[in-house]
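Q: Please take a close look at the side-chain packing in this model, from the surface to the interior. I would like one connected account of the nonpolar, charged and aromatic contacts.

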Amino acid sequence: MNRWTLNFSHRTVVLLVENPTFPLQAFRLTQISELLNADRINDSQLIDIMGEVVGKEDPKELITSKGKETKRLAILVEDLDNYRIGCVLFGDMVDQILPYLDDGRVEPLIVVLQFFRPSRWNEKTSVQSHFDISKLRINSDLEEVRDFRDRRLAAIPSNLVRISQVNTNNSHSGADELKRGDVTVNTIEEALNSTQEGPLWIAGTIVAINSGKDDWFYKSCRKCPKKVETPIGNRYECGKCGHTHGSASLRFVFRFTICFGWTMLLQFTKLCNLYNRFKVEVMAYDGTGSITLLLWDRETVQLCGRQAEQIKDEEVHSKL
């Protein structure tokens, strides 16, 4: 993913290059087998994948941690070597692809997933759209897509149904895993004495919040949860997604008229371009011991039902 933007001015000169010596490929495609067989998944690097949609789930309505309504749709993508990988689409991408997912479709649905984030959970590898950065290209009239389509049709005739319904019971919900008994819940004592690296499940009660006045939140990028703290000149740039934030302040001016005709102006500023997210340290206890845990934004919003941005806004207003 390119982090930089090229702007043209009135003095820009554009020349036609007849025989370019640089690559002209629009995508940097990653093989599905490469992802499935990788020892570790680098979820900080966005990738491109091309494949045919061979499976789909039913779309689901979701509400984000910011209270925004959105949609989620899981599809199954297969490449020319018959390797398959799950892909999760969010937001407008769901509406973009739904008209193509008709039951009984016999023509191949070729998609290019551009700038998608890979992940691995419970030893299952998948990719998902990443905020507003990811792009979904459906049956594009490109040389790479036409070649892929021709090779797929040579292997699988177009008189067969190509998209099947995927079993939605395979979703990675922590609550569902607990109900099915797929995971083992450890005591805190067992967790502290464990010598193995990896995720653990524990059940306990939060008995203390180890956070002071200004260390329960952090300034983050508005496009992703990455912490942003080092300015570049008068701007801030996210080191993960490359989004640039301005340092301009949002100013509020209050005017009060007091006796004898005098008018007083009160003004305060608020840095509004960065976003406040939770980062709360708590202590949990289960009868066998206690442990310090760090709760990030999503988990804290689930517990308290409020966003850090809302609480910070209330602090500002209460000081007026």
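A: F8 is located in the segment that precedes α1. In this predicted model, its relative accessibility is 60%, and because the limit for an exposed residue is over 50%, F8 counts as exposed. Together with L6 and V14, F8 makes up a nonpolar surface patch whose combined accessible area is about 400 Å².

The nonpolar side chains of the interior come next. The largest nonpolar core comprises 24 residues, and L89, I97, V111, L113 and V127 have the most contacts inside it. Two or more residues of this core come from each of the elements α1, β1, β3, β4 (84–90), α2 (92–97), β5 and β7. L89 illustrates the packing: beyond its neighbours within four places in sequence, this residue is in contact with K71, R72, L73, I75, V94, I97, F116, S129 and L136. A further core lies apart from the largest one; it has 8 residues, including W216, V282, V301 and A308.

I138 belongs to strand β7, which covers residues 135–138. Its relative accessible area is 13%, and I138 is therefore buried, the limit being under 20%. When residues up to four places away in sequence are set aside, I138 touches Q96, I97, Y100, L109, I110 and V111. Although their positions lie 86 residues apart along the chain, the C-alpha atoms of I138 and E52 are separated by 9.8 Å.

E52 leads to the charged contacts. Its side chain forms a salt bridge with that of R152, with an N to O distance of 2.8 Å. E52 is part of strand β1 and R152 is part of helix α3 (residues 143–155), so this bridge ties together parts that are 100 residues apart in sequence. Both partners, E52 and R152, are buried. R152 also forms a salt bridge with E78, the closest N and O atoms lying 2.9 Å apart. Because E78 is in strand β3 (residues 69–78) and R152 in helix α3, the pair connects parts that are 74 residues apart in sequence. The relative accessible area of E78 is 6%, which makes E78 buried, and R152 is likewise counted as buried, at 3% relative accessibility. These contacts belong to a network of salt bridges that links E52, E78, R84 and R152.

In total, the model contains 10 salt bridges. Another of them joins D43 and R117, whose closest N and O atoms are 4.0 Å apart. D43 sits in the loop between α1 (32–37) and β1 (47–56), whereas R117 sits in strand β5 (residues 110–121), so the bridge ties together parts that are 74 residues apart in sequence. The two partners fall into separate accessibility classes: D43 is partly exposed, with a relative accessible area of 38%, while R117 counts as buried at 18% relative accessibility.

The aromatic side chains complete the account. There are 3 aromatic pairs in the structure. In the pair of W216 and F278, the ring centres are 5.8 Å apart and the planes meet at 40°, so the arrangement is tilted. W216 occupies the loop between β11 (205–209) and β12 (217–220), and F278 occupies strand β18 (residues 275–285), so this pair ties together parts that are 62 residues apart in sequence. W216 counts as buried at 10% relative accessibility, and F278 is buried with a relative accessible area of 3%. Y218 and W296 form an edge-to-face pair, with 5.8 Å from centre to centre and 85° between the planes. This pair links distant parts of the chain, since Y218 is in strand β12 and W296, 78 residues away, is in strand β19 (residues 290–296). Here, too, the accessibility classes diverge: Y218 is buried, with a relative accessible area of 8%, whereas W296, at 40% relative accessibility, is partly exposed. Finally, W216 and F278 join F217 in one aromatic cluster, and W216 is also among the residues of the 8-residue core described above.

Conventions
Residues are numbered from 1 along each chain as its sequence is written. This is a predicted model: local features need pLDDT of at least 70, side-chain atom pairs count only at pLDDT 80 or more; totals for chains, interfaces and linings use all residues. Side-chain values use heavy atoms; hydrogens and water are left out. Helices (H or I, at least four residues) and strands (E, at least two) are DSSP runs, numbered from the N terminus. Buried means under 20% relative accessible area, exposed over 50%, partly exposed in between (1.4 Å probe, protein chains only). Rings of Phe, Tyr and Trp (its six-membered ring) pair if their centres lie within 6.5 Å; planes under 30 degrees apart count as stacked, over 60 as edge-to-face and the rest as tilted. Contact means heavy atoms within 4.5 Å. Patches are made of residues with over 30% relative accessible area and no salt bridge: like charges are joined within 9 Å, nonpolar side chains (Val, Leu, Ile, Met, Phe, Trp, Tyr) within 5 Å. Accessible areas come from the Shrake-Rupley method with a 1.4 Å probe; for residues, only the protein chains shown count as cover. A nonpolar core is a set of buried Ala, Val, Leu, Ile, Met, Phe, Trp, Tyr and Cys residues joined through side-chain atoms within 4.5 Å.
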